[in-house]
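Student: Could we go through a structure together? I should like to start with the sheet and then turn to the contact between the chains.

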Amino acid sequence: MSADGNAQNADKGTSHEIVRELFARFGESPFVAQSTVDRMPTLWVEQSRIGEVLRYLKNTIARPYKMLYDLTAVDERLRKNRFGLPPSDFTIVYQLLSIERNSDIRLKVALTGDYPSIPSIVGIYQNANWYEREVWDLFGITFNGHPNLQRIMLPRTWQGHPLRKEYPARATEFDPFALTVAKQDMEQEALRFNPEEWGMKRGTAEEDFMFLNLGPNHPSAHGAFRLVLQLDGEEIVDCVPDIGYHHRGAEKMGERQSWHTYIPYTDRIDYLGGVMNNLPYILAVEKLAGIQVPDRVKTIRVMLCEFFRITSHLLYYGTYCQDVGAMSPVFFMFVDRQKAYDVIEAITGFRMHPAWFRIGGVAHDLPQGWDRLVRDFVEYLPKRLDEYQKAALENSILKMRSRGVAKYNTADALEWGVTGAGLRATGSDYDLRKARPYSGYENFDFEVPTATGGDVYDRCVVRVEEMRQSIRIIKQCLENMPAGPYKADHPLTCPPPKERTLQDIETLITHFLGVSWGPVMPAGESSQMIEATKGINSYYLTSDGSTMSYRTHIRTPSFAHLQQIPSVIKGSMIPDLIAYIASIDFVMADVDR
Amino acid sequence: MEYTLTRIDTDGPRYPQEQREPARDPMEDQMHRSIFLGKLEDMLKGTVNWGRKNSIWPYNFGLSCCYVEMATAFTPTHDLARFGSEVIRASPRQADVIVIAGTCFQKMAPVVQRLYEQMLEPKWVISMGSCANSGGMYDIYSVVQGVDKFLPVDVYIPGCPPRPEAFLQGLMLLQDAIGKERRPLSWVVGDQGVYKANMPSQRDKHREERMAVTKLRTPDSV
């Protein structure tokens with residue numbers, strides 16, 4: 001099993017450095033320590049002290065936790081295995097990240113009552129804004145003092161809060177959907193933008209502002225994404241991103257699929273990332289199960305993930321060029337994507353969403369002849385990338401169009417929870433594959449590309465260089481693919497190893513239950529962060545000792561990246577916004593889940 | 001061939017605002033009345049349909065994963081230009097077909113409906129991928145279980161997501177269907193309903209051939 005950055009040897013996690021520091025500052029009484037299988041320091045904090053503790057962690061402590069990495073909630077009302085945790089109906093979970101410490105801390109606050117409330121932390125961490133709106137939308141928990149606590153995922157006309165346990169999951173449990181003329185009018189009216197609601201003025205003494213709707217369907221918005229721009233001429237005074245047009249309820253889905261049958265849903269979160277999405281989920285489940293996978297599995301997984309990093313970055317590269325005005329590169333890059341898909345398809349049997357990783361292994365062994373295909377590809381692509389370097393990146397028009405546009409620095413990036421190439425373009429070299437190697441990345445020789453400008457152009461440069469590094473990693477996989485099984489020999493591996501079945505009635509029953517109901521994961525909490533195509537992606541799983549997850553939370557990078565848009569783009573022109581959107585690299589499924 | 005007559009019903013309480021009834025090919029009746037005029041109309045309609053089906057301009061509209069595969073079909077390896085459909089239009093007013101490529105959400109449905117209304121007749125709808133066809137694997141509170149709950153779909157493309165080749169096939173099936181359509185030649189000439197041929201199900205058509213396959217390639221070699 002890969003070493004977790006927080007690996008410590010304590011049971012309750014109280015030997016973590018940060019926990020000792022907190023105890024020294026606040027005493028032990030406001031806290032209850034919880035042990036989790038991911039060994040992340042996890043503390044329950046008294047509701048009245050949480051603001052104080054967060055402020056201390058962000059501003060006062062040495063080597064601070066500058067990033068609010070995640071904020072979510074858990075409906076605990078039906079949870080059975082709570083192991084002496086503080087009583088709670090709903091738990092708010094804050095997860096902070098410190099780059100300087102290369103470490104996280106998870107803070108939890110217990111809330112009681114059916115529709116509880118808690119003070120907002122938008123005053124401490126700005127990016128808590130959307131996270132709190134999401135928790136309000138999906139759980140019905142009120143955040144007092146939030147600047148605009150509105151629904152974010154679901155339409156404003158929605159009734160109920162879907163992630164509460166009493167809310168039905170399936171669309172087929174409700175009346176069939178029908179779009180009546182009256183409903184159409186009502187929904188369209190609800191979509192009308194009201195500037196006052198967002199604290200915007202309709203004009204000044206001299207001029208009126210124009211409000212422009214960009215989206216929910218716009219050719220350069222990269223999906224069902226809506227931005228409302230407040231314009232003074234062509235200059236953007238302010239803007240409001242509106243998301244939720246792609247909310248597929250992936251987290252609720254986790255509560256009704258078995259651990260195994262949830263894998264295909266992960267593929268469709270960042271739908272350009274393919275099996276890369278399986279990885280954090282599978283690794284988190286394997287931590288729960290206590291499975292150690294063979295080296296061959298780790299290497300196969302790394303190789304496939306890097307293939308998808310390349311296909312995703314190629315699409316980014318092409319659409320980026322197109323959005324800043326270069327029409328041809330995208331056509332060449334899609335041809336290269338086809339070549340990559342040919343290899344992926346030969347190995348996994350599918351193109352975009354192979355759902356090919358399994359709990360404790362991968363679906364098949366590598367097919368005979370895989371090495372020839374992979375070799376052809378790694379020899380083919382670098383030459384093409386060199387051509388694009390000349391045709392696109394060194395093109396003076398493209399440079400002039402994108403240099404110095406939509407700049408932000410590392411501090412801003414951390415404040416908004418920005419990870420991935422968007423962070424590394426500001427000079428930080430934080431890449432989880434290096435900082436906290438997982439799935440055997442510690443065995444590979446590669447560099448973390450960075451840039452210092454923090455602008456649109458640099459974000460593209462970093463990704464292009466990342467593709468070259470991915471090719472380097474794939475080459476190493478090709479030359480050093482370990483022999484051995486493609487599945488772990490463990491009772492919770494799913495599907496179970498075939499040679500362990502059909503021996504006698506016992507093995508037959510175990511196998512039957514394993515493939516029909518699915519494996520039962522031990523109760524506990526687990527998470528895994530990975531460096532995905534678009535930034536840091538992680539799954540936070542709570543098992544209640546059943547065949548299904550009690551709560552699946554997915555932290556996606558694109559959600560954070562879109563929330564940052566207004567702070568970066570204020571004062572720029574509309575074409576700069578288009579270039580900026582192109583440089584973020586997001587897909588809406590990765591935002592809304 | 002059996003036809004379905006579709007008439008707009010602006011008073012309909014829900015979308016699609018239309019009424020459908022089974023019909024026979026209207027050209028047959030015309031032939032029985034006057035050979036000359038029937039032939040003339042047949043030729044005119046044939047010419048118009050030929051033009052329409054070979055220049056179906058798609059609307060630049062995508063919802064999720066399927067759109068990536070749809071976009072792949074526009075690029076050189078698949079080259080949609082062979083079918084006259086490479087001209088993506090950014091405005092619904094210039095587009096002939098809207099491909100619902102991806103999951104249709106309850107929050108998005110009113111927007112999709114508005115965009116569809118902004119398209120001009122004649123217009124067609126392709127539902128691409130399992131989500132648009134039926135909700136697919138997303139039987140979940142936020143997802144409309146099939147875009148045909150409010151749009152009149154002409155062709156369904158199965159797959160999650162369908163390959164670009166499947167999209168090309170879907171487009172060709174739509175071309176076949178358009179070739180058999182009987183639409184009024186003008187808004188002042190003739191009957192204003194739209195007669196669409198009931199195209200055979202591809203599943204039924206290929207069933208025997210598919211069932212006859214007994215040997216499948218193993219996944220053990222490339």
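Tutor: The sheet comes first, followed by the contact between the chains. This is a predicted model, in which local features need pLDDT of at least 70 and side-chain atom pairs count only at pLDDT 80 or more, while totals for chains, interfaces and linings use all residues. Residues are numbered from 1 along each chain as its sequence is written, and chains are lettered from A and ligands numbered from 1 in the order in which they are written.

Student: In what order do the five strands of chain A lie?

Tutor: The order is β1-β2-β5-β4-β3, in an open sheet with mixed pairing. Strands are DSSP runs of E with at least two residues, helices are runs of H or I with at least four, and both are numbered from the N terminus. Two strands pair if DSSP finds at least two bridges between them.

Student: Which are the edge strands?

Tutor: They are β1 (31–34) and β3 (67–75) of chain A, each pairing on one side only.

Student: And how many bridges join β2 to β5 in chain A?

Tutor: Three bridges join β2 (residues 42–45) to β5 (residues 103–111) in chain A, and the two strands run parallel. A:Trp44 stands opposite A:Lys108 of β5(A).

Student: Changing topic, how many residues does the contact take from each chain?

Tutor: Chain B gives 46 residues and chain A gives 48; residues are in contact if their C-beta atoms, placed from the backbone, lie within 7 Å.

Student: Which element of chain B gives the most to the side that touches chain A?

Tutor: That is α4(B), with six residues. Both α3 (65–74) and α4 (109–118) of chain B supply at least two residues of that side.

Notes:
Two residues are in contact if their C-beta atoms, placed from the backbone, lie within 7 Å.
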